[in-house]
Amino acid sequence: MKKHLISTLILGSLMSANAFAELNKEQTQQLEEINQFLKENPSTISGLHTSLEQYVASQAQMQKAQAESHDWLYNNDAHPIIGNPEGKSVIINFTDYNCPFCKRLEKGLVQLASENSDIKIINVYVSFKQQQVDDLNTNAALYAMKVWKDNREAFTEVDRLLMAKSGLHTKASLQAVAKKTGTEAQLNTTSDQSNTLMTNHQTFSALGLTGTPTLMMNDQVLPGYVPYDRLKDIVDDAF
């Protein structure tokens, strides 16, 4: 148990965005505790060293993947945008219309964008829970991307309605959104949307991400749902 705790402290310190900058008081105390533990338990050093090597390797792989995927994520007109398309404070949002935590997070993101005109949120869709809706040759992500491409003025309302639906989308739910927003034609998606969704999945995996929602800002990764007040503080600090 104690060995696991020390490992967690070490990795937690390294995962900090300022891991190699000046240490704060809490980090200094943690390192002192780690140093004392290692002196008292030298047999643990080898295992911890291996864990740290693996962590450093995984971080290097993530940085490489971030560099290789930068244009795909940040300069790709296929990804719908919330907020100011010309905003300088850019947030990548890996999201899924069938994910309950994604639905909750987007409310906070929309609020952030309404309060800060410099925020640009790029929605990068993945669809882990549903590749295709029964009796309909599309899914929510493909449909939303098609709306963004062909009928952009309708996207905001389509996005709101898709996120408002609890549970998995169905043929009936997608058709209801399309009818209400006059976007029935966009239910007929093409290979362009399918190829984009496939590449989104590949990028998600290459970055070592494990679940939705996941946010990226200034190359920092923030996995999982974050309450609005904490999200606002994180975004303020990032930009």
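**Close-ups of a predicted model**

**Figure 1. The whole chain at a glance.** The chain's secondary structure adds up to nine helices and five strands. Keep in mind that this is a predicted model. If you walk along the sequence, you meet the pattern α-α-α-β-β-α-β-α-α-α-α-β-β-α. The chain has 239 residues, and 44% of them count as buried. Look at contacts between residues at least 6 apart in sequence, and you'll find that 75% of them join residues at least 24 apart.

**Figure 2. The five-stranded sheet.** Here the strands line up in the order β1-β3-β2-β4-β5, giving an open sheet with mixed pairing. The edge places go to β1 and β5 (220-223); each has a single partner strand, so one side of each has no neighbour in the sheet. On average, neighbouring strands are turned by 25 degrees against each other, ignoring direction.

**Figure 3. Where β4 meets β5.** Strand β4 covers residues 214-217 and runs antiparallel to β5, with four bridges joining the two. One pair to pick out is methionine 217 and its bridge partner in β5, glutamine 220.

**Figure 4. Helices against the sheet.** Helix α6 packs on the sheet and touches β1, β2 (89-95) and β3 (119-125). The direction of α6 makes about 60 degrees with that of β3. Then there's α9 (residues 228-238), which lies across β2, β3, β4 and β5. Against β4, helix α9 runs at about 25 degrees.

**Figure 5. Zooming in on asparagine 93.** This residue sits in strand β2. Asparagine 93 has a relative accessibility of 1%, and anything under 20% is called buried, so asparagine 93 counts as buried. What does asparagine 93 touch, leaving aside its neighbours within four places in sequence? Its contacts include Leu105, Glu106 and Leu109, along with Ile121, Ile122, Asn123 and Val124. Pro213, Thr214 and Leu215 are in contact with asparagine 93 too.

**Figure 6. The second largest pocket.** This pocket has a volume of about 260 Å³. It is lined by 13 residues, and those closest to its centre are Glu106, Val110, Thr156, Asp159 and Arg160. Which elements each supply at least two residues of the lining? They are β1 (81-83), α4 (100-115) and α6 (155-164). The largest share, six residues, comes from α6, the helix that also packs on the sheet. Sorted by class, the lining has six nonpolar, five charged and two polar residues. Glu106 turns up in two of these views: it is among the residues closest to the pocket centre, and it is in contact with asparagine 93.

Technical notes
Residues numbered from 1 in each chain as written. Predicted model: local features only at pLDDT ≥ 70, side-chain atom pairs only at ≥ 80, totals over all residues. Heavy atoms only, no water. 1 Å grid on protein atoms, 1.4 Å probe; cavity = no way out; pocket = protein on both sides within 12 Å on 5 of 7 lines; lining within 4 Å. Points joined across faces, edges and corners; volume = space filled by probe spheres on them. Nonpolar A, V, L, I, M, F, W, Y, C, P; charged D, E, K, R; others polar. Pairing = 2+ DSSP bridges. Axes fitted to C-alpha atoms, helices over the stretch in contact; angles between N-to-C directions. Contact = heavy atoms within 4.5 Å. Buried < 20%, exposed > 50% of the residue type's maximum accessible area, 1.4 Å probe, protein only.
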